[in-house]
Amino acid sequence: MTGHFIKDDFKKQFAVFISYVAYAPIISIPAFAIINYYFLNFHDFIVITTICAIFTCILPVLFVLRWIEGKRHRGQKMDMDIPERKDRNYPLIIVILSYFIGTTVLYALNAPVMTTILMFSYFLNTLIVFFINLYWKISIHAMGVAGPTVVLIYTFGPVGAIFAAVLPIVMWSRVYLKRHTVGQVITGALLGFILTILQIHFLIN
């Protein structure tokens, strides 16, 4: 009985760890870093990757943390997952704005095309998630892995698919923690793949 409890406790801790590591703003950093390292010299790599981190991770995470803190002060239970669908609308708007500004800045600085496209995909994919979220909750975690995977595959060929190795684990963690249904994580992953493929097709060709 004790062994079963320890096993379940470990699985829960592992699922929570994966959920935090694969949080869309967090997992964007290695994706941008890999692309920028391939296309840029060291100085430009530092500058452009820092800009990417600011607009896809630092600003969104700081805002969400501040927003969650405000909710908690008013007595509402809240965490980084924002489990209630309706609670996600306002944070999504701010995150979308951050991604849009990031795309504009990268374009103005003549950042690598694939870097700018990845930032744009974060913007457009999240905008689409916002409208879906008005009616149904899909997995942003799954989409946040699938989208960058497409850009990495386009940039590096089949080796870029290595980034997708974490996707099944991420999907499992979200279902295990009861944050999403199987349908919601599958939809998030499929939308991430399909939308980003379409974006690359129209922006590159």
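Start with the whole protein chain, coloured by secondary structure: this predicted model has 8 helices and 0 strands. Following the chain from the N terminus, the order of elements reads α-α-α-α-α-α-α-α. The radius of gyration is 17 Å, close to the 17 Å that the globule rule gives for 205 residues, so the chain is as compact as a globular protein of that length.

Keep the chain selected and show the C-alpha trace. Along the principal axes, the C-alpha atoms fill a box of roughly 55 × 40 × 35 Å. Among contacts with a separation of 6 or more, 74% join residues that are 24 or more positions apart.

Switch to a surface view. The accessible surface of the protein chain is about 11,000 Å², and carbon and sulfur atoms account for 72% of that area. Of the 205 residues, 48% are buried.

Next, select the charged side chains. The protein chain carries 15 positive and 8 negative charges, and the mean positions of the two sets lie 6 Å apart.

Now go to the loop between α4 (89-108) and α5 (113-133) and pick Asn110. What is the phi of Asn110? The angle is near 55 degrees, a positive value in a residue other than glycine. For background, most residues other than glycine have a negative phi. Asn110 counts as exposed, because its relative accessibility is 68% and the cut-off for exposed is over 50%.

Move on to Lys178, in the loop between α7 (167-176) and α8 (182-204). Lys178 is another non-glycine residue with a positive phi, here near 60 degrees. Its relative accessibility of 73% puts Lys178 in the exposed class.

Last, select the cysteines Cys52 and Cys57 and display their sulfur atoms. How many disulfides does the chain have? The count is 0, where a disulfide would need a pair of cysteine sulfur atoms within 2.5 Å. The cysteine sulfur closest to that of Cys52 belongs to Cys57 and is 11 Å away, so the two are too far apart for a bond. Seen from the other side, Cys57 is in no disulfide either, its nearest cysteine sulfur being that of Cys52.

With the surface on again, check these two residues: are they buried or exposed? Cys52 is buried, at 0% relative accessibility. Cys57 is also buried, with a relative accessible area of 7%. Both values fall under the 20% cut-off for buried residues.

Methods
Residues numbered from 1 in each chain as written. Predicted model: local features only at pLDDT ≥ 70, side-chain atom pairs only at ≥ 80, totals over all residues. Heavy atoms only, no water. Helix = DSSP H or I, 4+ residues; strand = E, 2+ residues; numbered from the N terminus. Rg over C-alpha atoms; globule rule 2.2 N^0.38 Å. Buried < 20%, exposed > 50% of the residue type's maximum accessible area, 1.4 Å probe, protein only. Contact = heavy atoms within 4.5 Å. Areas by Shrake-Rupley, 256 points an atom, 1.4 Å probe, with all protein chains shown as cover. Lys, Arg positive; Asp, Glu negative; His and termini not counted. Charge placed at Lys NZ, Arg CZ, Asp CG, Glu CD.
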